[in-house]
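Please prepare a report on the structure shown below, written for a bench biochemist. It should describe individual residues in their surroundings, then the helices and the sheet, and then the chain as a whole.

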Amino acid sequence: MTSRTVTLLDVARAAGVSKSTVSDALQGSGRVAAATRDRVRAVAEELGYRPNSAARRLRRSSTGAIGLHLPRTATRLDYYMNLAFGAVERAQEEGFDVMLLAPTGAAGGGEGSSDSAGPTSPAGATSPTSPAGAASPANGPIASRVDGLLVIDPEVDDSAVPGLLDAGVPVVTGERYLGPTAAPTGAVICDNAASLTALLDHVTERGARHPAVLAPAGTSAWATALRATATSWAQERGVAVALRTVPFAATPGEAEETTLALLRTDPSVDAVICAPDGAAPGVLRAAATLGRPVGPDAPPATAPHARTATGALPRTPLLIASCVDGTATRSAEPPVTAVDLRPAAYGRACAELLCDILAGRTTPDTVRRHAWALETRAST
């Protein structure tokens, strides 16, 4: 059948089933037994069947696209770019394009950011639209342009989010939305309290007695959970935790400035857990400036200019960890212990849930959990 286009009827005849069964099996809809679905898909692949996406969209009144709304800081954080690529990859497997939605001027997901342009499109994504919301003067209601929406790390004070949740299409959020408006159709969440607890437990097991946490500002579920966990962990363990708030997407320079002020004010701090993606190298620079050796087994360091207010040169090793793993933590010297949130897999999981809801493979109000892993390295 290589001389002409393979049709649904060709696949049906070869698989020994009806044309409607083939359609349901390939789209993941209807009540098709798993064995039949697998056989149909295998036959379709063997014959080289390619769905007519334009015709399929007309039949189901589908746009063939899903929208992706990211925090304003997405363009400068590796985490969100990896997440976006994962979402695009999974959506394409279902025949969907991904439309990146440009942020509004409101303070969404990224305090300290003045970015106004939409995020750069990953491979397979369309160009950003006009500002995200329920409607756009240039392009019409968002529901007419997409079949569903992915809203990642929604902030309570992001003015676009309520309109997206009420846009009239299924919405899956990456992390819970803590705002008062309508709940999303589904969500994929991480146990962020558990990940910070694991980091705090780890540094204390490695000898830290007075840890500090550089927690993110903002009203996302991730930022809120980290600040609350730092406080509750300290109360439950009876360990003093120095909590400092930094911008949601703090730069290495901002992390360095905060750490220098912290360690000069309180040199008894012996571990610093930095939350924002990519900011940990700034903590390492602060440690070097103050002559603090990094890692439990590091030899004492000396720095003639690095003295405390009392004139004493601190020799206590400093343990450093990050709440987000990435290139900056893996390539640092020494490499930094971090929580691997597996962003590409997380993006895939969010897109998969939305596709499952759109295809009727799962019910609305589904909440799925995404696993993280603690990567211990020389810095602790």
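Leaving aside neighbours within four places in sequence, histidine 370 is in contact (heavy atoms within 4.5 Å) with Val188, Ile189, Cys190, Leu341, Arg342, Ala345 and Tyr346. The model is predicted: local features need pLDDT of at least 70 and side-chain atom pairs count only at pLDDT 80 or more, whereas totals for chains, interfaces and linings use all residues. Residues are numbered from 1 along each chain as its sequence is written, and side-chain values use heavy atoms, with hydrogens and water left out.

Histidine 370 belongs to the loop between β12 (366-369) and β13 (373-375). Helices (H or I, at least four residues) and strands (E, at least two) are DSSP runs, numbered from the N terminus. Histidine 370 counts as buried because its relative accessibility is 8%; buried means under 20% relative accessible area, exposed over 50% and partly exposed in between, with a 1.4 Å probe and protein chains only. A polar atom of the histidine 370 side chain lies 2.9 Å from the backbone oxygen of leucine 341.

A second buried histidine is found elsewhere in the chain. Histidine 69 is located in strand β1 (residues 65-69) and has a relative accessible area of 3%, so it is buried. The side chains of histidine 69 and aspartate 158 are joined by a polar contact of 2.9 Å. Such a contact is a pair of N or O atoms within 3.5 Å; within protein, one must be able to donate a hydrogen and the other to accept it, and residues adjacent in sequence count only if both atoms are side-chain atoms. Leucine 101 is 32 residues from histidine 69 along the chain, yet their C-alpha atoms are separated by 5.2 Å.

Helix α12 (residues 343-359) includes a buried tyrosine, Tyr346, which is one of the contacts of histidine 370. The other buried residues of α12 include Pro343, Gly347, Cys350, Leu353 and Ile357. The expected span of a helix is 1.5 Å times one less than its number of residues. The 17 residues of α12 should therefore span 24 Å, and the end C-alpha atoms are 24 Å apart, which agrees. Helix α7 (residues 192-205) has 14 residues and reaches 20 Å from its first C-alpha to its last, close to the 20 Å expected. Each of these helices is followed by a glycine of positive phi: glycine 207 just after α7, at about 115°, and glycine 360 after α12, near 80°.

The buried residues of α7 include Asn192, Leu196, Leu199, His202 and Val203. Their cover includes α8 (221-237) and the strands β7 (211-216), β9 (271-274), β10 (319-322), β11 (337-340) and β13. Helix α7 lies across β7, β9, β10, β11 and β13, and runs at about 160° to β9. Axes are lines fitted to C-alpha atoms, for helices over the stretch in contact, and angles run from 0 to 180 degrees between N-to-C directions.

Six strands form an open sheet of mixed pairing, in the order β8-β7-β9-β10-β11-β13. Its edge strands, β8 (242-246) and β13, each pair on one side only. From one strand to the next, the twist averages 20°. Two strands pair if DSSP finds at least two bridges between them; β7 and β9 pair in the parallel sense over four bridges. Proline 211 stands opposite alanine 271 in β9.

Most residues other than glycine have a negative phi, and most peptide bonds are trans. The table lists two residues with a positive phi.

| Residue | Phi | Location | Relative accessibility |
|---|---|---|---|
| Aspartate 153 | near 45° | loop between β4 (148-152) and α6 (160-165) | 7%, buried |
| Glutamate 175 | about 80° | loop between β5 (171-174) and β6 (186-189) | 5%, buried |

The peptide bond from glutamate 333 to proline 334 is cis, with omega near 0°. Proline 334 is in the loop between α11 (327-330) and β11.

For the chain as a whole, the secondary structure comprises twelve helices and 13 strands. Of its 380 residues, 52% count as buried. Among contacts between residues at least 6 apart in sequence, 70% join residues at least 24 apart. The accessible surface comes to about 16,200 Å², of which 52% belongs to carbon and sulfur atoms; accessible areas come from the Shrake-Rupley method with a 1.4 Å probe, and for residues only the protein chains shown count as cover.
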